[in-house]
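Biologist: I should like to discuss this structure with you step by step. Please define each term when it first arises.

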Amino acid sequence: MGAFADEAWQRLRSNPAAAAALAVMCAILALTWFGPWISPNDAHTLDWLHLAAPPGMQSSHWFGTDRLGRDLFVRTLAGTRVSMAIGLAASVVSLLVGVTYGAIAGYSGGRTDHLMMRVIEILSGLPLIFFVIVLTVIFGRSESLLFFAIGAVGWLTMARIVRGQTLSVRRREFIEAAIASGAGTVRIIFRHVVPNVLGPVIVYATLTVPQIILFESFLSFLGLGVQEPGASLGTLISEGAAEMEAAPWILLVPGSFLALLLLCLNIFGDALRDALDVRDGSP
Amino acid sequence: MTPTLSIDDLRIAFSHRAGSVEAVDRVSLQIAPSECVGIVGESGSGKTQVFMAAMGLLAGNARATGSVRFEGRELLGADRAALNRVRGSKLTMIPQDPMTSLTPHLKIGIQLAEVMVAHLGKTWSDARSSAGRMLERVHVPEPKRRLNQYPHELSGGMRQRVMIAMSLLCEPSLVIADEPTTALDVTIQAQIIELLRAVRGEFGMALALISHDLAVVAGLADRILVMYAGRIVEAAAAGALFRRPRHPYTAELLKCVPSISGPRSARLPTLAGQPPRPGEVLEACPFAPRCSRAAERCRVERPQLGGPAGAQVACHFPVSDD
Amino acid sequence: MIEPLLKVRDLCVDFGANAALRGVNFDLAAGEIVGLVGESGSGKSTLARAILRLLQPVRGSVQFLGQDLLQCSGAALRARRRELQIVFQDPLASLNPRMTVGEAIGEPLQIFEPKLTARARQLQVDAMLERVGLASAMAGRYPHEFSGGQCQRVGIARAMILRPKLLICDEVVSSLDMSIQGQIVNLLIDLQREAAMAVLFISHNLAVVRHLSQRVMVIYLGKLVEIAPCDALFAAPKHPYTRALLAAVPQLPSVIAAPAAPAAPAVPVLPAEPIQQARLMASGCAYRDRCPFVLPLCETTEPPLIEVGTGHWAACHRSQETLIPLSFAS
């Protein structure tokens, strides 16, 4: 695996758009961790003196404040942190579950595959928001519920992709060779099939992160996700939308962060696909 | 008399991320009208690339220098229009894999007729009847029915006959046959070799037969060029090459061809090591690492192709009659 | 009589409507090298895969070391695989591109000798690499870094590491240069002699098979048409297809015969392509469409494999006669 990682890394580095996207993402990440240290403010203090203050360098509120006087800079960073964490965690869950499920379905074939795919189709058919609302009603708003809800549906497409890849890898001669060597099904799936489908999987996983962040933002925007006083980009945008006419920066700041984050992740995902998919050494 | 094909000092290099790799290293050859020349070589010999250059079919990352003249006209670097006047009509190719060389969704009749419509300006109905006649000449049974069939409905041997027919439609001066029998079964191979021989007699065109199999070439070629690591190492009349190979590689290669008659040996003759990867060899003889006759001179000085016409060899210590 | 190592009886494999194997019967003794010759569509690779149960035959039995592989449970089958190995045609495709060659060669050890420490396994892998002519330092490299011939050596190392009783070689030298073929064939000869294992060598290349085999079987459209000791098959073939195959192999002009342009071939150039599947289903000999010696009997009755000499079997109604080749134009 090492050789491929190195090669892919080389190709990534030489792609300017990808490098830029990666740099920006790292910058954002750094900012979310260290930003609160730089700013004199914190996310919860209500500054009665500066309610809905516009951004500026004169006050300590560089990005302005929201309706309740909370510093937008720190809050946005906190929100970004939450969104990224949720995005990442849910992506990892969907990756693990989806890859295992898809590989087993694709490799087993026949009735097992048939059954497993029907399950996916049924789950895909469920109206997602409805599902989340019902869960929220039963269990109340919480971040863990959000993780679960997103993770529970995020793996569906991943499973489909992995199954498709597995179907083509399954026919390759080295799988036959592994069977002939006496390898059992578990070994074949995890030692032979999965490493050879990882290319598209990693790419899709990288593209899943922005999707999930967006989805989470959407849920939070609707009031179903992260609750006060916690913040995610979605809740911030929701608040900002309410104040749009009077204090547009309350929307623009988290909105720009979200847009930038999604853009970078998408660019990086595309570049990753190019880096991992190139087979022959063409210039 | 102008040779049909004249290649001078051809060099082909492929540029990769890691640098440039030389596949063909200063190759010069000539094919006279109606002559059959066999080009023999193994992986990495560059034998196919030489003729890809002639047909203007080199890959995008290839750089070719030198000269490739077909009936006096320069082909290397010529523009598409000039190439297309010649390709497919006077200079044609029978590719290696008949499975993939025909367009799968077009009927055979259309693909054959297309050649004549494009190059000779015939009408579609004229072209179709000519195609049917040509299929007869290459011994395709039920030619009229075949014209209406799709490529996947034909067997490998049949498809190769169609490709041969296609190459002959416009009365070419030179046909390049690139490993025409490699993908075929041995009984079909025998038929195709027979067909090529008959066709040569009938049409009288020059034939460049590229193969890794000396035995296939033996049946057809007047002259044989042996290529190794991008260079021609021996060029001789067919009979002379088999009776008295001069280059150590040729001599060893001939021994490596297993036979179905004669005594059975306990071990198959073979050459130790493997051919150099493209781009590996610089100055010096590329065969030196595997040559039993190699001396110091072979490792530093590149041998040039020399000797009387009809028995040329690129070796510092060629095999002589012992 | 010693029980043969491998007993194949009435093996039939269908691919949809096509019959790829139509009842194959043969025995293979321990330590014996048997060549299997056939062209594309003959079913030779299908036979290899059927014996290994990489595909499911419709009918028949494969008795290996006294057990029918086709009736085994999954676990029992896997246990048997230790003794029955295969080397494939495409050297690069049969290796997992994401595993180093060391890992690939060591995998059978991981499966069948799980108690071995990693160090012990590494030692065996290194020894095996050296045995097949590769440096043990190459164990950490990936398949795409090797040439075709080297990859094939890796494939052989992987198949041999557990010292199987039977090795099936499916066209193992077909994709290699002629000057390298001999290296691999000689390696197999050496390994076979050392391990006294049986080898089923499948190839379309008669000349290579000749140098390797003690006995040769010829397969045509899913059935064996001739089985004979190697010398007998090449000197005096009894089935018309075998004769056509031998006649069709292009030969170098012999050193003694002078002419540069060989004379017209003595081979009867076969007029047609192999029989269409629909006609195969009907009775009669599958070769009748291309046979220069066909009789009306051949349309109706399929000739059984009958013994025509010591250890020499042929499936032809006319195998007992001395048939002079007719030459006819194509």
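Modeller: In chain A, which helix has the highest confidence?

Biologist: The confidence is pLDDT, the predictor's score for each residue, from 0 to 100. Helices (H or I, at least four residues) and strands (E, at least two) are DSSP runs, numbered from the N terminus. In chain A the mean is lowest, at 67, in helix 1 (residues 2-13). The highest, at 92, belongs to helix 7 of chain A.

Biologist: How should the model and its numbering be read?

Modeller: This is a predicted model, in which local features need pLDDT of at least 70 and side-chain atom pairs count only at pLDDT 80 or more, while totals for chains, interfaces and linings use all residues. Residues are numbered from 1 along each chain as its sequence is written, and chains are lettered from A and ligands numbered from 1 in the order in which they are written. For chain A, 92% of the residues score at least 70, and the average pLDDT is 81.

Modeller: Which helix of chain A gives the most to the side that touches chain C?

Biologist: Two residues are in contact if their C-beta atoms, placed from the backbone, lie within 7 Å. Chain A brings 16 residues to this contact and chain C brings 21 residues. Helix 7 (173-180) and helix 8 (185-221) of chain A each supply at least two residues of the side of chain A. With six residues, the most is given by helix 7 of chain A.

Biologist: Which helix of chain B gives the most to the side that touches chain C?

Modeller: Here 41 residues of chain B are in contact with 38 residues of chain C. Among the elements of chain B that give two or more residues are helix 7 (156-168) and helix 8 (186-203). The most, seven residues, comes from helix 8 of chain B.

Modeller: Which strands stand at the edges of the sheet in chain B?

Biologist: Two strands pair if DSSP finds at least two bridges between them. In chain B, seven strands form an open sheet with mixed pairing, in the order 6-7-8-3-9-10-11. Each edge strand has a single partner strand, so one side of each is left without a neighbour in the sheet; they are strand 6 (91-94) and strand 11 (311-313) of chain B.

Biologist: In which sense do strand 3 and strand 9 of chain B pair?

Modeller: Strand 3 covers residues 36-40 and strand 9 residues 223-228 of chain B. B:Val40 stands opposite B:Val226 in strand 9 of chain B. Over four bridges, the sense of the pairing is parallel.
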